[in-house]
Amino acid sequence: MAHIVRVAILAIFCLLSTLVPVSAQVGQASGSDGGDTTSDITLPDPLTPDAVREMVARMSDDQVRNMLLDRLDAVAEPEPTAADLEATLFAKLHRWWTAFYSNPLDAIVKLPNLVAEESKIIAKFSDSSGGFIGVLKLLGLIALTVGVAYGIEQIAERVTKSWRKRADPTDTATLRDSLTFLFRRFMREIFGLIIFYFSARILGRMIMTPEQLAFAGPLMTYLIWWPRLGAAVSRFILAPKQSAMRLVNVDDRSAAFLMRHLVGLIFLAGLTIFVVDFNLKQGASLAETRLGFWLDSFVYVYIAFIAWTARDALSDMMRGIDPDRTEYDEWIANFYPFFMIGVAVGMWAIVTTMTGLGNTRQLLQGAHYSTMFWLLVAPALDTAIRGLVRHLVPPMVGEGPVAERAYVSTKRSYIRIGRVLMAGLVLILIARSWNISLADFTSGRQGFGTNLVEFLMMLAVGYVVYEVVSLWINRQLAKEQTSAAPLDQESAGDGGGAGGSRLATVLPLLRVTAQVAIVVIFSLLAVGTLGIDITPLLAGAGILGLAIGFGAQKLVADVVSGIFFLIDDAFRVGEYVEVGGTMGTVEKISIRSMQLRHHLGLVHTLPYGAIPKITNFSRDWVIMKLKFTVPFDVDPEKVRKIFKNIGQELLADPRFEGDFLEPFKSQGVSAIDDVGITIRGKFMAKPGTQFMIRKEIYNRVQDAFEKNGIEFARREVRVAIPGLDHAEDLTDEQKSAIGAAATGVVQAELEKEKGKP
């Protein structure tokens, strides 16, 4: 065993010896009990495995152990303390601040020498190009190349003119017509630019030397091709001369202003890159001449000038013409010009700091201009998303406020999904400008930056899933709600109404449940990407849920009871029900309770666990029975015919088309009392329509009885007085007796009514 330990120690010592310089002497090694004497051990030279094995064989175990500990202490790096981290962070901030303010100060100090330094660079270029005559020759060749390439472009356009279809703009053009017209014109311009590019490239290689091409190529790319491409894109979006085809909400004057200055901005940015590249090719360093700094600063000043001058037009462009704008859209529209200025100032600060630090490789490739372009165009892309959603979302299903709310909600969901996808695309394009790919974050050593990117990606995915699920449920709910017959307010006031579909009742709860589940799941997954162990969170959630279950058993009972009520389809939103003597229309349901709206306006909230029985008055069909009391001398057969005619008339009434399941008809004499005979009629109808039908039947029966000379029976009290022939012969005592008799009868009837259960 001791031999194995010594061999292992030998291997570790040889490994550590290759990492740490070995001293000629090794300190004393004392035994744990103080038995070993102190001695100096000389390391063999050369340090070979055989020599080390022989040295270790002469050493005691404590000496070997102490030597190993010394080697491990030398290899191990001390953990940074909080003070070390703070000092490192402060040093970085100080270095960045120094780079930020020293760069413009240096440019200001060297400003008087700018002309002289640039003159030296131009003179050096002139000497290498053959002097003044050589430069003129080069410029002439460039002009010849541009002229010939442009001529070939014009010839190609004339030749292919008959091949292309052209549509004249109209004031009544649709979005499709506008896009078709503008896209065809844009493709014609791109076709011309491609012809120009290849013609200039081929001709340039034929008449210029490689040294001349090194100057002419960037000049034509940055100062001619880029501005022309920017003009084509600007003309496609702004259409300054075709207001009917314009894709953005700006007037003609603002469109022309924006297009003119956008092309100027692209030219200035290209000039900056060209000048910096030209100086570097002539051997000048960025520290000697600061023309690139000043030109780059003018780019940001130019952006601020455009944003401030055209701030109203830019706000109108961001606002768009969609009538369903939110306060957020209005705020973005008003803030956009200031956002442009902020981006220009922020990018100037970043570029100035990077230049002061000497990190200019990616700046020379135009990464900062690409970043600034995508940041500035992002709000405009948001406007484009809202415009596309406005034209591409399916039309509104149904009519009324429910359909309108569903339509607007659907549009907002599509817009939010588009915004998340657009933000992800913009971030990817900006990262590519700085040579950063997604693989840089998903591979290699994990760090805070990697975890942060994964955290944001998980949140974005979760948000898209949340919106997609909500969008699908809202669309289904809108179809169910708008397809249902609207509730008649007059009918609802009597305490009835037809309910909605089963999906219309269950979908709101399903939406809430799905949204909560998505938020919880993706929040935990996002937290896990930050390197936080979510197992304790899950365990804590389980313990919390168990505690809530014990402490809120009534709540759990309500939720479980509600689930089974919904499974049994005992009620739906809009149905008229009775629960333990409480009657009303189901107005709202939640996970724990239901709300009933009484026909007098009262709202009753009933927990599911407290519901012993539900009586539903609005399911499938309803039978309404009506009673009419007529005098004894009325023929029941005549009343039966009247009821039959009324029933046929109501079936033909367009107001009640499809509401009757069985027409109104007579059921004959149902009772005979001391007042008259009671004749009953009935009809079967759809739930929620019976009360309006009942009102109409009452009106028609009254009119029909009046036309046929039939009166409704009235309660009368008859007093017989022997020996009296005429009522005019009544004495005062007889009149008092008659009144007392009538009062007694009425009192008896009232007592009888009170005694009914």
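## Exercises on a predicted model

Among contacts (heavy atoms within 4.5 Å) between residues at least 6 apart in sequence, 71% join residues at least 24 apart. This is a predicted model, in which local features need pLDDT of at least 70 and side-chain atom pairs count only at pLDDT 80 or more, while totals for chains, interfaces and linings use all residues. Residues are numbered from 1 along each chain as its sequence is written, and side-chain values use heavy atoms, with hydrogens and water left out.

**Exercise 1.** Work out how the strands of the open sheet are ordered and how they pair.

*Solution.* Begin with the elements: the protein has 24 helices and 10 strands, where helices (H or I, at least four residues) and strands (E, at least two) are DSSP runs numbered from the N terminus. The open sheet takes 3 strands in the order β8-β10-β9, with antiparallel pairing; two strands pair if DSSP finds at least two bridges between them. Next, look at the edges, which are β8 and β9 (660-672), each pairing on one side only. On average, neighbouring strands of this sheet are turned by 20° against each other, direction ignored, with axes being lines fitted to C-alpha atoms, for helices over the stretch in contact, and angles running from 0 to 180 degrees between N-to-C directions. Finally, follow the pair of β8 and β10 (residues 677-685), which is antiparallel over 9 bridges: in β10, Gly681 is the bridge partner of Leu626, and Arg680 is that of Lys627.

**Exercise 2.** Decide which side chains of β8 are buried, and find which helices touch the sheet.

*Solution.* Take buried as under 20% relative accessible area, exposed as over 50% and partly exposed as in between (1.4 Å probe, protein chains only). Along β8 (residues 622-630) the side chains alternate, so that Val622, Met624, Leu626, Phe628 and Val630 point to one face and are buried, whereas Ile623, Lys625, Lys627 and Thr629 point to the other and are not. Then turn to the helices: α22 (residues 636-652) lies across β8, β9 and β10 and runs at about 165° to β9. Helix α23 also packs on the sheet, touching β8, β9 and β10, and its direction makes about 25° with that of β8. The buried residues of α23 (residues 690-707) include Phe691, Ile697, Val701 and Phe705. Just after α23, Gly709 takes a positive phi of about 70°.

**Exercise 3.** Identify the residues that touch the most other members of the largest nonpolar core.

*Solution.* A nonpolar core is a set of buried Ala, Val, Leu, Ile, Met, Phe, Trp, Tyr and Cys residues joined through side-chain atoms within 4.5 Å. Of the 68 residues in the largest one, those touching the most other members are Ile142, Phe215, Ile303, Leu314 and Met372. Helix α9 gives the most to this core, with 11 residues. Apart from it lies another core, of 24 residues, among them Met624, Phe660, Phe664 and Val701.

**Exercise 4.** Say where Ala239 and Arg290 lie, and whether each is buried or exposed.

*Solution.* Ala239 sits in the loop between α8 (210-238) and α9 (252-281), is buried with a relative accessible area of 0%, and has a positive phi of about 45° although it is not a glycine. Arg290 sits in the loop between α9 and α10 (291-309) and is buried, with a relative accessible area of 7%. Leaving aside neighbours within four places in sequence, Arg290 is in contact with Asn103, Asp106, Ala107, Lys110, Leu114 and Thr355.

Technical notes. The expected span of a helix is 1.5 Å times one less than its number of residues.
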